[in-house]
Amino acid sequence: MTLLAQAAQEMLRRREAAASAVGFAEYIDVPGRPVDDDDEDIETFRVIETKLAAHHKMILDATEACFLKPYGRTMIFMPPGSAKSTYASVVGPSYLMGKYPRTRCGLFSYGGTLAKKFGRRTRSVVKQRKYQHVFPEVELSADSSAANEFTLTNGSEYMAAGILGAATGNRFNMLFIDDPIKGREDADSQTIRDKTWDAYEDDLKTRLVPGGSIVIIQTRWHEDDLSGRILPEGWNGESGEILCKDGNVWTVLCLQAECQTDSDPLGRARGEMLWPEWFTPEHWAQFRGNSRTWGALCQQLPRPADGNLFKPDMMEVIDAIPAGRITWVRGWDAAATEGGGDYTAAPKIGRISSGPYDGYFIVADVVRGQWGPDKRDKIMKNTAIADGRQCFQDYPQDPGAAGKSQVTQWVKNLPGYPIKFGPESGDKETRASPFAAQVNVGNVLLLRGDWNVKYKEELRSFPSGTYDDQVDGSSRAFNRLLEIAGKITINPNLLKRRR
């Protein structure tokens with residue numbers, strides 16, 4: 001190739017790099033691992049060892065599209081090692097700040113150290129000679145060039161910090177939230193999940209300029225993680241434009257290790273694996289044995305397909321309550337926030353003591369909603385009346401005088417109805433274990449109803465799911481049934497016929 005042809009080809013590559021994030025990534029040296037892994041302040045990085053794959057191009061296109069859309073909202077879910085952070089959180093900001101003057105990007109992660117590493121890699125891109133080839137006269141400002149906070153000569157600004165760190169005093173056009181959860185221990189901590197959510201709601205979103213956009217990049221750890229609190233109930237790995245609980249339509253790119261949806265962004269068929277040029281079958285095989293790890297980190301569904309404590313698919317769904325003697329208890333788990341927070345839930349469970357299902361249990365109904373105290377108490381009363389006097393109502397008693405007063409009021413509302421109550425004892429998993437044991441051996445029936453799906457999904461995800469109100473109510477009802485089982489009277493003639 002002649003020098004003139006080489007020069008023409010180089011100019012074409014530069015124009016393509018300036019025209020799109022994908023062209024930019026194909027032109028620059030994409031930074032990978034530090035040259036010295038032991039030096040946190042290293043300034044040089046190995047060039048990433050893999051070629052730009054189809055899902056990397058998708059990440060880059062989605063990132064730029066989110067930036068250009070007023071109030072853009074995008075979630076990117078992929079397994080660890082997919083290079084999602086490299087392209088979304090390193091290449092993405094460096095490209096946007098160079099192409100669009102006065103762009104202010106904020107990168108937030110679970111900790112300041114990781115955020116600073118992202119910042120150092122992003123800054124290393126800006127320092128490349130190739131960067132100036134693409135964006136002439138754009139370089140680091142001499143008076144602001146720290147790894148976690150720097151500006152460019154075209155007025156663009158960058159900041160990287162821990163998600164729980166202060167973003168006060170900064171305004172952003174674009175927020176990159178990458179790895180908001182550190183690992184399993186933090187994911188399982190309700191306290192850390194709550195703090196992360198509060199930081200997102202109160203500290204980060206409030207720093208966006210009007211029309212500013214957000215990209216969340218993560219591997220899912222928990223159903224109640226940051227993305228889980230935004231995604232709609234019943235989300236099951238779908239990609240596309242999805243109306244979420246915050247009222248926004250989010251563009252969701254969910255790439256599972258093994259495709260199990262019909263909305264895969266890459267157009268894969270079910271069973272096709274992600275990035276086979278890089279991930280070998282042996283790589284995935286080491287995770288399949290742990291259902292919790294496989295479901296969350298690899299499939300982006302933080303609830304194993306066969307359940308944690310419960311295996312709800314073992315419950316037989318029937319269309320009518322079986323004939324025979326049944327002792328009924330409705331167990332209540334009470335909350336008191338109208339339209340938000342925890343749910344009040346009350347599963348109705350019966351123990352069958354005659355007929356073809358003798359010895360089985362049946363879940364016949366679930367009352368569930370987010371109600372304030374007055375509405376909740378009225379629904380509790382109406383439910384008990386509808387159940388009739390043959391069904392025990394079992395209420396939780398909070399500790400202290402307030403708890404006693406509340407239960408007293410519930411009892412007064414239902415004179416003549418069989419009522420039980422008592423404090424919760426032991427942790428949730430311990431209380432749920434007896435019921436789970438019966439579910440898992442197929443000894444629990446489920447009466448068909450429109451509540452079945454949410455009920456089974458909550459059992460399936462327990463104890464790592466967002467909600468546990470139906471599980472708590474079921475545990476209370478079931479354990480009360482075991483307590484009163486000795487009071488069940490069985491017709492002796494029936495026993496003779498059975499023998």
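**Helix packing and sheet order in a predicted model**

Me: In this predicted model, which residues of α5 are met by S85, T86, S89, V90, P93, S94 and M97 in α4?
Reply: The contact of α4 with α5 comprises 6 nonpolar, 5 polar and 1 charged residues. On the α4 side stand S85, T86, S89, V90, P93, S94 and M97. Their counterparts in α5 are F118, R121, T122, V125 and V126.

Me: How are α4 and α5 oriented to each other?
Reply: Two packed helices are described by the angle between their axes and the distance between the axes. Helix α4 (residues 84–99) and helix α5 (residues 112–127) have axes 9 Å apart, at an angle of about 45°. The crossing is right-handed. An angle of about 45° is neither under 35 degrees nor within 65 to 115, and α4 and α5 are therefore oblique.

Me: Which strands stand at the edges of the sheet?
Reply: The open sheet has 9 strands with mixed pairing, in the order β5-β6-β7-β4-β8-β9-β3-β11-β10. An edge strand here has a single partner, so one side of it is left without a neighbour in the sheet. The strands at the edges are β5 (140–146) and β10 (240–243).

Me: In which sense do β6 and β7 pair?
Reply: Strands of a sheet pair through backbone hydrogen bonds, either parallel or antiparallel. E149 stands opposite M159 in β7. Strand β6 (residues 149–152) and strand β7 (residues 157–162) are joined over 3 bridges, and the sense is antiparallel.

Me: What angle does the direction of α8 make with that of β8?
Reply: Helix α8 (residues 190–204) packs on the sheet. There α8 touches β4, β8, β9 (208–218) and β11 (249–254). Its direction makes with that of β8 an angle of about 170°.

Terms used
Residues numbered from 1 in each chain as written. Predicted model: local features only at pLDDT ≥ 70, side-chain atom pairs only at ≥ 80, totals over all residues. Heavy atoms only, no water. Axes fitted to C-alpha atoms, helices over the stretch in contact; angles between N-to-C directions. Helix = DSSP H or I, 4+ residues; strand = E, 2+ residues; numbered from the N terminus. Parallel < 35°, antiparallel > 145°, perpendicular 65-115°, else oblique. Left-handed = near helix turned anticlockwise from the far one by under 90°. Contact = heavy atoms within 4.5 Å. Nonpolar A, V, L, I, M, F, W, Y, C, P; charged D, E, K, R; others polar. Pairing = 2+ DSSP bridges.
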